[in-house]
Every structure is written in structure tokens, then in C-alpha cells.
Amino acid sequence: MKNRRFIKIFLLRSSIFALTLVVAGFFSVRNFSTVLSATDSTLSFNPATTTQAIGSDFTMDAVVNPGSTNEVNGVELHVTYDQAKLRLDSITKGTAFVITLAGASIPGDGTASIAVGTDYGSNVTTSQTVATFHFHALATVTSSPVAFASTCDITADNTGGTNDFDAAGSSNGAVTLTSTDTTAPTGGSISYTNGNYTAATVALTVDDGTDETGGSGINPDSRIIQRQEATLSAGSCGTYGLWGNIATYSTINGTYPNFTDATVSSGKCYKYQYLVSDNAGNPATYTSANVAKVDTAAPSGGSITYTNGYFTSASVSLTAADGTDAASGLNTSSRIVKRQSATLANGTCGTYSPSWSDVTSSLTGSYPNFTDGTVVSGNCYQYEYLISDNFGNQATYTSTNVAKVDTVAPSGGSMTYTDGNYTTASVALTVGDGTDSVSGISAASRIIQRQEATLSAGSCGSYGSWGSITSDVTGTYPNFTDGTVVSGKCYQYKYLVSDNASNQATYTSANVAKVDTAAPSGGSITYTDGFHTSASVGLTANDGTDSVSGINTSSRIVKRRSSTLTGTTCGSYGSWSDITSSLTGSYPDFTDTTVITDHCYQYEYLVSNNVGNQATYASNNAAKVDTSAPVISGETAASIADVSTVITWTTNEAATSQVEYGTDTSYGSTTTLDSSYVTSHSQNLSGLTPNTPYHYRVISSDGVPNQSTGNDHTFTTSITMVATPVADPAGDTYSSTQSVNLSSATNGATIHYTVDGTDPSASSPVYSSAIGVSYSLTIKAIAMKSGMADSAVMSEDYIIGSSGNSSSSSSSKSTDISKPKLRIGSTKESIKNKTIYAGAHTFSFEGQSDALVRGEVKVYKNGRHYKTVSADSHGSWGAKINISNDGNYDFKLYYYDADSNDLGHSDKFTVKVDTSAPEITDLPLVFHKRVGQLVWWTAQDDQGVDHYKYELDGKINNIKKASFIMPQVGWGVHILTVTVYDKAGNETTKKVAITVW
């Protein structure tokens with residue numbers, strides 16, 4: 001039962017009642033379920049008004065009056081008061097209610113509360129005290145009332161016992177404070193550190209001091225801390241502003257007497273004062289002359305800079321920048337430089353040592369520029385710069401740059417090349433980088449340099465300056481070739497290579513490349529050009545000069561080559577051979593005694609300079625060695641005639657030809673010298689006397705000349721022959737009777753002749769006048785003269801076409817023959833006019849006629865006899881014609897029967913040979929036409945176009961013009977085939993696509 005009653009009261013307290021005590025001491029009672037008459041229940045203070053001296057303690061009771069019809073079983077009471085004038089020390093429960101539902105609460109914010117109730121069935125029915133409030137008077141003397149207020153809930157039942165809630169009226173209470181204390185507290189203070197603060201807090205210690213004896217006492221709720229501030233710049237405070245509260249007794253951070261001001265800002269100056277009053281309201285102010293200068297920020301904007309990368313000397317230049325500090329300013333004596341280091345290997349930094357070390361004292365220079373001269377090659381370094389402001393706030397400026405210290409160039413490299421002479425304009429070089437374990441070798445830094453001097457007589461002059469030839473050499477590392485050297489120069493080389501820190505190593509060589517690519521010049525070998533009659537050839541050599549490396553006199557060589565000497569002509573030379581060791585004499589004059597007669601020799605002289613360049617001096621002279629005369633043999637007199645003969649002989653070597661001759665051994669006559677050098681000789685003797693004995697001997701000389709004369713020989717001339725007769729006109733085919741005259745070139749000769757085909761003799765008729773030839777016959781003749789041999793027999797054939805002694809049956813044959821036909825390949829056609837066309841180089845004429853049985857047809861081309869063909873037993877004939885080139889050719893045919901009777905001839909006609917096809921032009925592969933439009937093209941041929949044929953949609957048309965009108969066909973693409981023919985039958989075809997629309 002008790003538990004049930006407690007829960008019920010608790011719920012009413014927490015969610016039902018709301019009674020308010022206002023400044024005037026007004027209470028209100030609200031019933032949320034049933035609103036009763038306001039007069040049913042009331043709540044009021046007792047006493048309603050009171051006057052108290054400042055510093056005194058007093059009480060006030062909250063009284064509930066249920067009224068005439070209500071019972072009250074619980075009150076939840078809330079009170080408000082002015083805590084600047086009153087201090088509520090405690091609240092005690094009154095006698096009206098036996099249960100404390102919610103104990104007294106005094107949070108110190110001018111409010112207070114308490115809740116009380118009764119057991120179930122023991123409701124309050126008469127006016128009774130709910131709670132007693134215990135106050136202490138604080139404020140200064142005043143006659144103004146102090147307001148109390150609360151919001152209260154009253155749990156009320158009506159007489160019937162149901163749970164109804166009554167709203168009751170309320171009345172306020174008022175307090176008037178009086179005092180006779182007019183002296184403020186004394187001896188108090190506020191203290192804090194005078195100086196610099198690097199954190200945003202200022203610790204304060206206050207002391208209330210004391211109030212006079214018999215005074216009203218210190219009012220702890222009156223404590224106030226005030227401050228004023230100014231701007232802190234370069235460590236100095238500017239003008240201070242007004243004082244302002246920063247803390248009161250209830251809100252200051254901390255507890256009396258120690259407080260902390262955590263609202264200060266960096267860059268400000270602060271001063272503090274402490275205010276406290278006694279209970280009579282007399283205020284005391286305690287001020288401190290100390291200044292709190294707050295600077296919590298380190299300097300900013302500074303830096304430390306140094307080159308990122310390699311350092312080739314054992315020093316690193318550093319530039320520091322303090323930055324700025326507007327509040328307390330920079331403490332320049334606080335500057336510190338620190339570094340950390342790592343091992344540098346092959347250009348890579350290892351792990352840095354764990355901590356930074358201060359190197360300030362080891363630096364040289366002054367702010368802002370310093371030099372760290374304590375660095376060691378083979379290490380990486382990083383630096384940071386530290387500086388504080390005047391309050392000790394330290395800034396650290398760190399750089400991510402890395403100073404890689406490498407003061408040592410690569411080592412162990414080389415430059416190698418052959419020391420000595422070079423006969424080609426190139427020097428082979430081999431270089432070696434060496435090693436560099438710190439920063440590594442920079443392949444891009446490789447440089448080859450050279451210096452040069454003039455090479456004279458094998459010695460080098462003064463060298464010039466070194467110059468780079470890196471871009472001129474060829475090859476790839478480590479082997480290069482300097483192809484820019486010049487003959488007549490000395491060269492020395494060196495190789496420069498750097499590590500990645502640009503430390504450069506120079507590798508030199510003491511070797512000297514002496515370049516001499518030119519052989520000696522200006523030399524010669526001389527000897528007599530022409531015949532040498534003794535087995536020796538004198539030679540004179542000349543070294544010439546070589547200003548670069550000089551002549552190597554031990555290198556002298558004489559070579560020769562030989563050929564067969566024929567007369568004065570040298571044959572093909574063989575190869576050169578060295579004959580130096582077989583020569584006699586000494587430089588410059590030598591003698592070659594190993595030559596052989598009947599040979600030609602050419603010589604060349606070879607000499608080298610001291611580096612081996614060899615010069616060859618050749619001569620075009622030919623030393624022709626001939627030490628003996630020709631040997632004559634086989635002298636013969638040949639072709640002996642009446643007034644001439646031919647003398648022949650041979651020699652063992654080429655020699656000239658000449659003959660001495662006469663009727664006795666004194667000779668007396670000599671032929672003209674034939675200066676041609678031959679081994680087979682022939683000389684004509686003319687103007688001799690017929691039938692007369694002659695003596696002769698031959699003479700031959702070689703080219704030296706060594707002369708030989710042959711032995712005496714004889715011959716006898718023959719008798720003279722009469723000149724053979726000549727007929728005029730000569731034998732041939734004639735259409736009419738001819739008058740033939742005979743003659744002989746031998747004066748006084750008698751001509752005998754025959755016309756029956758037999759050979760003439762001295763008994764044959766003597767020619768005296770012209771012989772009339774009216775039919776076909778053969779005239780033979782011979783000429784005779786006393787004391788001379790008869791001439792040869794002359795024979796001439798004469799063919800007379802219309803008469804003669806031919807067979808009588810020939811006159812009965814018809815002379816009418818058919819016209820010839822022209823056959824080209826398998827095509828045979830009649831000749832219809834005087835111009836015909838042939839489309840091939842080979843064609844033939846054909847015909848057939850009884851009149852031509854076993855006769856013949858003679859073909860003339862361009863007026864000249866071309867060929868003769870025979871007709872067969874049926875009178876058929878054919879003449880095949882072969883033409884080399886296209887062109888126009890005139891032909892005429894002559895017909896003869898079996899008895900050679902002239903049957904007449906054809907007209908002259910022209911055959912135009914044309915084997916080239918015509919050409920179609922202006923006909924595109926594709927074009928567009930409408931029905932009814934003109935389709936055209938052009939064609940050309942060297943013998944002329946004959947006609948055209950075109951095919952469209954399977955329909956073929958032959959036309960003479962190179963065009964046609966597009967017929968009615970369907971829209972779309974149609975294939976047109978155009979063929980052009982020339983007069984010889986050659987043709988050309990072209991297909992095109994026509995789009996019809």
C-alpha cells in the first residue's frame with residue numbers, strides 16, 4: 001500500500017503540477033483534470049513581508065491552505081529569488097507533510113525546489129507549512145522588495161475522495177534590506193605572473209581581504225575578475241582598452257582563490273583586477289601592475305635553402321630565413337642549424353641517422369648565409385633551421401632537398417691507342433670510364449679531346465691546344481674511331497669523364513699517333529724509249545720527296561714487265577715482277593742486264609716513306625730489245641704473169657719488206673719499202689717484159705733496224721693474154737629486137753663469135769658489125785692476137801619477149817589471165833582497186849590461168865624485181881611476200897607462159913601494210929546518259945579507221961560514225977562494247993559502263 005502511494009505521488013510530481021511564485025510573491029495552483037474555483041486552495045509566504053539587515057539570516061515559510069472543500073496530499077514547490085541580494089542557504093520540510101518526495105535543490109542560479117507529500121488517507125485539510133526557506137541578506141541598503149517566485153504543483157482531492165486537481169491562488173513575499181556597514185573590504189589582491197606566456201592561459205590568484213569588525217562580511221557571490229587588453233607587437237603592448245568582466249563568483253574557471261583565464265589570445269597583452277563586496281554591498285577593487293604578454297605562435301614564413309643535388313667540394317652553402325613573428329619578435333640569438341646524414345652509394349642515399357644534430361657552431365658565415373664546411377664526400381645531407389621568438393616559441397624549417405657530397409672524380413679509367421705511325425686517316429681509340437662508387441659514372445659526360453702538331457721529317461712540332469672531338473668520332477663506348485685526322489699531323493688524345501656529381505676525371509696517354517697517308521711524290525724512273533741493240537737497259541730512279549715522314553731509302557724497288565716484240569710493235573704485257581736484286585749499279589743509276597732480245601720492257605720504281613706509304617713511279621716508255629737481224633726464208637716468185645709477179649718470203653721476226661730485181665745480178669730496180677713489220681712478206685713486181693728471165697733478192701729490217709738481205713733468185717715472165725670481149729648491151733630480157741656490139745680492150749685483137757650456144761674458135765665468124773637480136777639467144781665471143789694468148793670466152797643471154805625461135809605452140813596459148821588475189825592469213829580476197837590493205841607483214845599474191853601452165857610470174861616491188869614464181873600444171877601460182885615494217889609498197893606482176901612468151905602484166909597497185917590496231921580515245925570507263933542523248937567517242941589509226949561496231953544489251957550494230965543515239969533502255973547500269981576496225985582489218989575493243997537515268 002505504501003509503495004503504491006509513493007508511485008502515485010511521484011507521477012503527480014513529475015508530470016502534473018506547475019505552481020509559480022513570482023517576484024511579487026504570487027503562487028498559482030493548477031489542476032489539469034478538473035478546474036475548481038480559484039478560492040478553493042491557496043499558497044502563500046509567511047511572513048508575506050519582512051525587513052532584514054544586510055548580513056542577517058532569516059526564514060520564510062511556504063503555507064498551503066486547501067480551502068473548505070479540498071484535501072491536499074502533495075505539493076511540488078519551486079522558488080525564484082535575486083541571488084545578488086539574497087543567498088539561500090537551505091530548505092527544510094514543514095510539518096504539514098510527512099514524506100519528502102524530492103529533497104531541497106539549490107543549484108546557485110537563483111532557483112530552488114522541494115517536493116513533499118502525505119501517506120495515503122492522511123491528506124492535509126487545514127492551512128499548514130509546506131517548507132521553510134533559510135536566507136542570508138547580501139545586498140546594499142535598499143527599500144526595494146526582493147521578489148520570490150515558484151511554480152508549484154498541488155495534488156488535491158475533493159471531499160468525495162476522487163483524484164481531482166485544484167488550481168489555487170497564491171501571494172508573494174517581499175524583503176527589504178537595511179544596513180549600517182559603509183566600509184568596503186580591505187587587504188585583498190589579485191596576483192599573476194608578470195611577463196611572457198606561451199600558452200593561451202593565465203593563472204590568477206585572488207584574495208578577498210577582510211571586512212571591518214562588526215561589518216557585514218565578505219559577500220563571496222560578489223567576486224568579479226576584470227581584465228583589459230592591448231595588442232602585443234614586437235614584444236611591446238599597445239594602448240589598453242576598457243576593463244571588462246571575465247569571471248564572476250559563479251562562472252570563473254576555477255575555485256577561490258585560484259582561477260585560470262583560458263580565453264586569452266596570442267598576440268595580446270593583459271592586465272587584471274579583482275572586485276569583491278561585503279554583504280552591505282561595499283565594493284573593493286584590487287589591481288595589479290603586472291602584464292601578461294601572450295604569444296603562443298612560433299615564427300612563420302622562414303626557410304632554409306640549399307642546392308638539391310650534387311656538391312663537388314666539401315662544403316654546402318646554406319641560406320636561412322627567419323620568417324616573421326609580429327607578436328614578441330624574433331630572438332636572433334636562438335638561431336640553430338641542424339643536419340642529418342646518410343651514406344651516398346652509386347648516387348643513392350642510404351638510411352639517414354636517427355637524430356638531427358646541431359651544427360650551428362661549425363658553420364662559417366653570418367645570417368642569412370652560412371657554409372657547412374664539415375661535410376664529407378660520400379655522404380648525403382639534409383638540413384633544418386630552428387629559430388625562436390622572444391617568448392621561446394620555436395619554429396623549425398626543414399627542406400626536403402638533399403645535398404649529395406661527392407668531391408672525388410672517377411678513377412681507374414684510361415685512354416689507349418697505338419703509339420706510332422698511321423697510314424690511313426683514322427685512329428682507333430679505346431677508352432675506359434674507371435669506377436665511381438659514390439655518385440656513379442655519367443655516361444653522358446664522356447668527352448674525347450685531342451691536340452695536334454705538324455709532322456715533319458718524322459718529328460712532331462709544337463702541339464696546339466686541346467679541343468673536343470666527341471661529336472666527330474664514330475663508334476660506341478668503349479671503342480671509337482677518329483676519322484677526322486689529317487695526313488701530316490701528330491695527335492695525342494685524352495679522355496674526360498665525370499661522375500653524376502660532375503667531378504671530372506682526365507685520362508691521358510703519352511702515345512703519339514703520327515698520321516701520314518700520302519706516299520712520296522715527284523719521283524720517277526727514266527730509260528730510253530725505243531730500241532736497245534744490246535742486252536741491257538740503263539735506268540735512272542728518282543725518290544721524289546716526302547716532307548712528312550721522310551724517304552725510307554731501304555724500301556727502293558724496281559719492277560718490270562715484258563711482252564713480245566714483233567717488228568716495232570710490243571704485244572700484251574705480262575705481270576710486274578721485282579728485279580731489284582738483279583740490277584747492277586746504285587741509286588740513282590741502275591742497269592738491267594737480264595733483258596732478252598725481241599722483247600719489250602717497261603719499268604716502274606717503288607719507294608716508301610718511313611711510315612710505309614709506297615709511291616709507284618711508272619713510265620710509258622718501252623725498251624725494245626733487239627740484238628739480231630731477221631732470218632729470211634722461203635723466197636718465192638708466185639703468180640708469174642707476162643708483166644708482173646709476186647715475190648713472197650718469211651722472217652723469224654717481224655720486219656719490213658723490199659725486193660731488188662732486174663735481168664741480171666746487178667738488179668737495178670727496187671720495190672717501194674713496205675715499213676709494216678710482218679713475218680710473212682709479199683711484194684708485187686710490175687712493168688716487167690713478157691717472156692723474160694729476171695733476178696731478185698729480198699731485204700727485211702727489224703725495228704732497230706737490223707737488216708738482212710736474202711740470196712739471189714730468178715723467175716721468167718709469161719706471154720700476154722688478150723682482153724676478154726665485152727657485149728653492149730649486156731644480156732637481159734627485152735621486149736624488142738636489140739643491136740649488140742662486141743669489143744676488146746686489146747688493140748688489134750680479132751673477135752670471133754657464135755649465136756648457137758657453142759664456144760667460139762678461130763674458125764668461128766669474125767665480128768665486124770653490130771649483131772641484130774630479134775629472138776632469144778646466147779652470144780659467145782673470144783678475142784685473139786698474134787704473140788698473145790687467146791682471151792677468155794664471153795657469154796651473154798638475150799630474151800626477146802615477142803619473137804624469136806620459140807616453139808610454135810606458144811602462139812596458140814591465151815594471153816588472158818585472171819586477176820590476182822591477195823591472201824592474208826586464211827583470208828583471200830580479190831584485188832578490186834589500185835590500193836589494198838594488209839594487216840600482216842606476211843601475205844601473198846595468188847592466181848590461176850590456163851595460159852600460165854608451167855609458166856612463171858615475176859613480182860616487182862617498188863620498181864625492182866623482187867622474186868619469180870612458177871605456175872603449176874594447172875596454171876596456179878602463189879608469191880609469198882615478207883615485209884619488215886609497216887608502210888606503203890608498190891607492186892606490179894609480169895606473166896610468162898611455159899615458152900617464156902610475155903603474156904602481159906598487172907596494173908601497179910599499192911599495198912598499205914598496217915599491223916597496228918586502232919586506238920579508242922575519249923571513251924571513259926563509266927559515264928551517265930539519258931535515253932535520246934548522244935553517245936560518242938573518237939578513234940585514230942595511221943592508215944585510217946574503216947568502221948565501228950557497238951553492242952548494247954546483246955544487240956550488235958555496225959556503224960560508220962563514232963557515235964550513236966542512246967536507245968530506249970531501262971534505268972540502271974548497262975554494259976557498252978565498242979569495237980573499231982581499220983582498213984587492214986585490225987581491231988580494238990573497249991567496254992564501258994553506262995548509267996542510264
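## Contacts of V63

V63 makes contacts, outside its neighbours up to four places away in sequence, with T42, L43, S44, N46, S127, Q128, T129 and V130. The model described here is predicted. V63 belongs to strand β3, which spans residues 57–65. Its relative accessible area is 12%; V63 is therefore classed as buried, since that term applies under 20%.

A131 is separated from V63 by 68 residues in sequence, yet the C-alpha atoms of V63 and A131 are 7.5 Å apart in space.

## The chain as a whole

The chain has 997 residues, and 42% of them are buried. Its secondary structure consists of 1 helix and 88 strands.

Considering contacts between residues at least 6 apart in sequence, 68% join residues at least 24 apart. The accessible surface of the chain is about 46500 Å², and carbon and sulfur atoms account for 48% of that surface.

## Surroundings of H532

H532 is located in strand β46, made up of residues 530–532. With a relative accessible area of 10%, H532 is buried, because the value falls under the 20% limit.

A polar atom of the H532 side chain lies 3.1 Å from the backbone oxygen of T528. When neighbours within four places in sequence are set aside, H532 is in contact with V537, A623, K624, V625 and D626.

## Surroundings of T260

T260 sits in strand β19, covering residues 258–261. Is T260 buried or partly exposed? T260 is partly exposed, because its relative accessible area is 34% and the partly exposed class lies between 20% and 50%.

Beyond residues up to four places away in sequence, T260 touches T201, V202 and N253. For one of these residues, T201, the separation from T260 is 59 residues in sequence and 6.6 Å in space, C-alpha to C-alpha.

## A nonpolar surface patch

Which residues make the nonpolar surface patch of about 310 Å²? The patch is made by L934, W936 and I965. L934 lies in strand β82, which runs over residues 934–936.

The relative accessible area of L934 is 42%, so L934 is partly exposed. That value also satisfies the requirement for patch residues of over 30% relative accessible area.

Conventions: Residues are numbered from 1 along each chain as its sequence is written. This is a predicted model: local features need pLDDT of at least 70, side-chain atom pairs count only at pLDDT 80 or more; totals for chains, interfaces and linings use all residues. Side-chain values use heavy atoms; hydrogens and water are left out. Patches are made of residues with over 30% relative accessible area and no salt bridge: like charges are joined within 9 Å, nonpolar side chains (Val, Leu, Ile, Met, Phe, Trp, Tyr) within 5 Å. Accessible areas come from the Shrake-Rupley method with a 1.4 Å probe; for residues, only the protein chains shown count as cover. A salt bridge is a side-chain nitrogen of Lys or Arg within 4 Å of a carboxyl oxygen of Asp or Glu. Helices (H or I, at least four residues) and strands (E, at least two) are DSSP runs, numbered from the N terminus. Buried means under 20% relative accessible area, exposed over 50%, partly exposed in between (1.4 Å probe, protein chains only). A polar contact is a pair of N or O atoms within 3.5 Å; within protein, one must be able to donate a hydrogen and the other to accept it, and residues adjacent in sequence count only if both atoms are side-chain atoms. Contact means heavy atoms within 4.5 Å.
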